[in-house]
There are 2 protein chains.
Amino acid sequence: MHAPVPPVGSAFLLTQLGTHAAQAFAQRIGELDLTPPQTGLLRAIAGAPGSSQQALADRLGTPATRLVALVDGLEERGLVERRRNPADRRLHAVHLTDAGTALLADIGRVAREHDDDLLAALDPGERARLRELLAKVAADRGLAPGVHPGYRTLPPA
Amino acid sequence: MHAPVPPVGSAFLLTQLGTHAAQAFAQRIGELDLTPPQTGLLRAIAGAPGSSQQALADRLGTPATRLVALVDGLEERGLVERRRNPADRRLHAVHLTDAGTALLADIGRVAREHDDDLLAALDPGERARLRELLAKVAADRGLAPGVHPGYRTLPPA
DNA sequence: TATTGTTATACTCTATAACTATA
DNA sequence: TATAGTTATAGAGTATAACAATA
């Protein structure tokens with residue numbers, strides 16, 4: 001007889017399912033040759049076109065240096081462009097290109113498919129209830145709507 | 001006027017909250033000088049004492065090489081020990097030490113605190129309902145109870 | 001002197017492949 | 001020849017620090 005293994009709580013279920021959902025999304029969005037961070041950045045740019053990189057970094061909660069690398073990757077593929085601000089030449093306003101805007105629509109489609117697949121076990125009423133409960137917890141924990149916490153690393157303890 | 005940003009679905013909420021929960025747990029469990037993967041391994045060993053490293057790797061869905069490094073770290077701290085099997089000297093049976101067993105109890109306490117904190121916004125009925133819905137989805141998606149999907153990496157598409 | 005953006009560098013985590021010992 | 005475990009190595013992703021341009 002040895003000590004019992006402590007049972008997992010609801011938080012673990014949430015973590016487990018959240019990681020699974022993230023992996024499944026990464027796999028799906030990979031078909032568009034995008035990574036999840038790139039996808040989130042595209043959304044952030046679409047939501048606030050012309051933002052400076054500093055502003056985007058603040059919004060996503062990530063170091064500016066990481067944002068530079070992400071924007072580089074998207075710019076090379078012609079999805080976004082940097083436009084220098086003549087009034088303050090330090091600033092680079094980031095905009096979606098037409099290709100970026102088109103790809104955003106594809107992202108929306110992939111996200112809906114992902115959603116349907118993941119929650120296939122729940123009927124519409126259950127889905128609504130789940131969403132409600134998750135939103136309540138997310139609000140209580142101060143999570144910014146639409147911003148993935150993976151852009152920042154928490155300090156140890 | 002530009003193209004609208006596609007709305008996030010319930011799956012995103014799940015991913016967002018799951019990542020948040022994982023970060024919060026990592027922070028808490030860090031107070032015991034443990035990482036989440038180490039914690040999961042301790043639980044797996046407690047659940048099947050004397051397993052070979054190969055068996056543990058299979059159960060967690062991780063490459064054996066990663067398991068070696070994890071066991072190394074726990075063994076150096078005196079939390080687990082490898083016992084050579086005399087009948088087949090290739091096998092290393094992994095067991096918790098007394099210190100490991102004691103730490104497991106602390107892990108259980110920390111996990112309960114984490115659970116309570118994370119779901120503070122929900123009343124008992126809501127918590128039960130959330131757990132039920134999450135469990136239903138997890139079962140449908142084929143997630144092994146108590147095993148975090150983060151031990152394995154999914155192939156791209 | 002302060003701020004935006006960039007580059008250089010190092011660190012952590014994980015995976016792949018090669019190797020050792022036992023069978 | 002096959003299996004358990006290990007070591008060596010390399011890659012991806014991210015962070016910290018130093019730097020350049022502009023204000």
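Which side chain has an N or O atom 2.6 Å from a phosphate oxygen of DNA strand D? That is Q53 of chain B, written Q53(B) from here on. Before I go further, please keep in mind that this is a predicted model.

I will stay with DNA strand D for a moment. There are 17 residues around DNA strand D, and those that come nearest are R66(A), R89(A), T153(A), Q53(B) and Q54(B). Of the atoms of DNA strand D that come within 4 Å of the protein, 79% are accounted for by sugar and phosphate. Besides Q53(B), another phosphate contact involves H92(B): a backbone N or O atom of H92(B) lies 2.9 Å from a phosphate oxygen of DNA strand D. A base is also reached. R90(B) has a polar side-chain atom 3.1 Å from a base oxygen of DNA strand D.

Which elements supply this surface? At least two residues each come from α4 (64-76) of chain A, and from α3 (53-60) and α4 (64-76) of chain B. By class, the residues near DNA strand D are four nonpolar, seven polar and six charged.

Now the other strand, DNA strand C. Here 18 residues surround the strand, with Q53(A), Q54(A), H92(A), R66(B) and R89(B) the closest. Sugar or phosphate makes up 80% of the atoms of DNA strand C within 4 Å of the protein, and the rest belong to bases.

Three contacts are worth pointing at on the screen. H92(A) places a backbone N or O atom 2.9 Å from a phosphate oxygen of DNA strand C. For R89(B), a backbone N or O atom is likewise 2.9 Å from a phosphate oxygen of DNA strand C. The third goes to a base: a polar side-chain atom of T65(B) lies 3.2 Å from a base oxygen of DNA strand C. As for elements, α3 (53-60) and α4 of chain A, together with α4 of chain B, give two or more residues to the surface near DNA strand C. That surface has four nonpolar, seven polar and seven charged residues.

Next, the two protein chains. How many residues does each chain bring to the contact between chain A and chain B? Chain A brings 65 residues, and chain B brings 65 residues. Between them the chains bury about 6200 Å², with 67% of it on carbon and sulfur atoms.

There are two salt bridges between chain B and chain A. One of them joins K136(B) to E126(A), with the closest N and O atoms 2.8 Å apart. The chains also have 24 residue pairs in polar contact, counting pairs with both residues at pLDDT 80 or more. On the side of chain B that touches chain A, α1 (10-29), α2 (36-47), α5 (98-118) and α6 (124-140) each supply at least two residues. The largest share there comes from α1(B), with 16 residues. By class, that side of chain B divides into 36 nonpolar, 17 polar and 12 charged residues.

Last, the sheet in chain A. Three strands of chain A form an open, antiparallel sheet in the order β1-β3-β2. At the edges are β1 (51-52) and β2 (80-84) of chain A, each pairing on one side only. The pairing of β2(A) with β3 (residues 92-96) of chain A is antiparallel and runs over five bridges. If you want one pair to look for, take R82(A): its bridge partner in β3(A) is V94(A).

Methods: Residues numbered from 1 in each chain as written. Chains lettered and ligands numbered in written order. Predicted model: local features only at pLDDT ≥ 70, side-chain atom pairs only at ≥ 80, totals over all residues. Heavy atoms only, no water. Near = heavy atom within 4 Å. Polar contact = N/O pair within 3.5 Å; in protein donor to acceptor, adjacent residues only side chain to side chain. Helix = DSSP H or I, 4+ residues; strand = E, 2+ residues; numbered from the N terminus. Nonpolar A, V, L, I, M, F, W, Y, C, P; charged D, E, K, R; others polar. Contact = heavy atoms within 4.5 Å. Buried area = accessible area lost by both parts, 1.4 Å probe. Salt bridge = Lys/Arg side-chain N within 4 Å of Asp/Glu carboxyl O. Pairing = 2+ DSSP bridges.
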